[in-house]
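Work through the exercises below with the structure open. Try each task before reading its solution.

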Amino acid sequence: MNRGLLCAGLFAAACATGALQVHAAQPLVLTPSVQANYMLNCMGCHLADGSGAAGKIPSVRDSLVILSGSSAGRRYLVQVPGAAQSPLSDLELAQVLTWMVRNLSARPVPPDFTDFTAAEVAANRSSPLVNVREARARLLAPAADGAPR
């Protein structure tokens, strides 16, 4: 066998082994499943930052903290057709709603915020809203008026 060819082969093998070791040393970073569920089920309309599409899909950035602070608002968030009819399990939807409040809200999340639960989602999800815009406007009106919740 040609000595040059042998050296080239050994060099290539050493480089490949070194590349595998470097690659293996870097941990694979996966998107957390809750965030992935948001990306797959909500982000298409509400966008990555929750800002929505003006005139079509409302921004959730200013409304999530307000809505999640009352039982009627929490029920609304579960009953919005995109949420209520999503393929997510009750637990997954509860986790996504909690993630949205904690990660997409432009307003500070109050320290007494309660995470959504699978039981809460199950209790409210079976009756999706029909008049979504009217319900949203009604629930957000007190906050727009500066009234305490």
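**Exercise 1. Leaving aside neighbours within four places in sequence, find the residues in contact with Asn37, then decide whether Asn37 is buried or exposed.**

Solution.
- Step 1. The model is a predicted one.
- Step 2. Skip the neighbours of Asn37 within four places in sequence; Asn37 is then in contact with Cys42, Leu88, Glu92 and Val96.
- Step 3. Place the residue: Asn37 sits in helix α2.
- Step 4. The relative accessibility of Asn37 is 15%, so Asn37 counts as buried. The cut-off for buried is under 20%.

**Exercise 2. Classify Gln35 by accessibility and give its C-alpha distance to Gln95.**

Solution.
- Step 1. Gln35 is also a residue of helix α2, which covers residues 33–41.
- Step 2. Gln35 has 30% relative accessibility and therefore counts as partly exposed.
- Step 3. In sequence, 60 residues separate Gln35 from Gln95. In space, their C-alpha atoms are 9.2 Å apart.

**Exercise 3. Compare the reach of helix α7 with the expected value, then list its buried residues and what covers them.**

Solution.
- Step 1. Helix α7 runs over residues 90–104, a stretch of 15 residues.
- Step 2. From first C-alpha to last, α7 reaches 20 Å. That is close to the 21 Å expected at 1.5 Å a residue.
- Step 3. The buried residues of α7 are Leu93, Ala94, Val96, Leu97, Thr98, Trp99, Met100, Val101 and Leu104.
- Step 4. The cover over these buried residues includes α2, α4 (64–67), α5, α6 (81–84) and α8 (118–124).
- Step 5. Link back to Exercise 1: Val96, one of the buried residues of α7, is in contact with Asn37.

**Exercise 4. Describe how helix α5 packs on helix α9.**

Solution.
- Step 1. Two packed helices are described by the angle between their axes and the distance between the axes.
- Step 2. Helix α5 (residues 71–79) meets helix α9 (residues 132–144) at an angle of about 155°. Their axes lie 10 Å apart.
- Step 3. Angles over 145 degrees count as roughly antiparallel, so α5 is roughly antiparallel to α9.
- Step 4. The crossing of α5 past α9 is left-handed.
- Step 5. From α5, the residues in contact are Ala72, Gly73 and Tyr76. From α9, they are Val132, Ala135, Arg136 and Leu139.
- Step 6. Sort the contact residues: five are nonpolar, one is polar and one is charged.

**Exercise 5. Locate Leu47 and Pro87, and classify each by accessibility.**

Solution.
- Step 1. Leu47 lies in the loop between α3 (43–46) and α4.
- Step 2. Leu47 has 37% relative accessibility, so it counts as partly exposed.
- Step 3. Check the backbone: Leu47 has a positive phi of about 70°, although it is not a glycine.
- Step 4. Pro87 belongs to the loop between α6 and α7.
- Step 5. Pro87 has 72% relative accessibility and therefore counts as exposed.
- Step 6. Pro87 is 46 residues from Asn41 in sequence, with 8.3 Å between their C-alpha atoms.

**Exercise 6. How many helices and strands does the protein have, and what percentage of its residues count as buried?**

Solution.
- Step 1. The protein has nine helices and zero strands.
- Step 2. Along the sequence, the pattern reads α-α-α-α-α-α-α-α-α.
- Step 3. Of the 149 residues, 30% count as buried.
- Step 4. Take the contacts between residues at least 6 apart in sequence: 65% of them join residues at least 24 apart.

Notes. Residues numbered from 1 in each chain as written. Predicted model: local features only at pLDDT ≥ 70, side-chain atom pairs only at ≥ 80, totals over all residues. Heavy atoms only, no water. Axes fitted to C-alpha atoms, helices over the stretch in contact; angles between N-to-C directions. Helix = DSSP H or I, 4+ residues; strand = E, 2+ residues; numbered from the N terminus. Parallel < 35°, antiparallel > 145°, perpendicular 65-115°, else oblique. Left-handed = near helix turned anticlockwise from the far one by under 90°. Contact = heavy atoms within 4.5 Å. Nonpolar A, V, L, I, M, F, W, Y, C, P; charged D, E, K, R; others polar. Buried < 20%, exposed > 50% of the residue type's maximum accessible area, 1.4 Å probe, protein only. Expected span 1.5 Å × (residues − 1).
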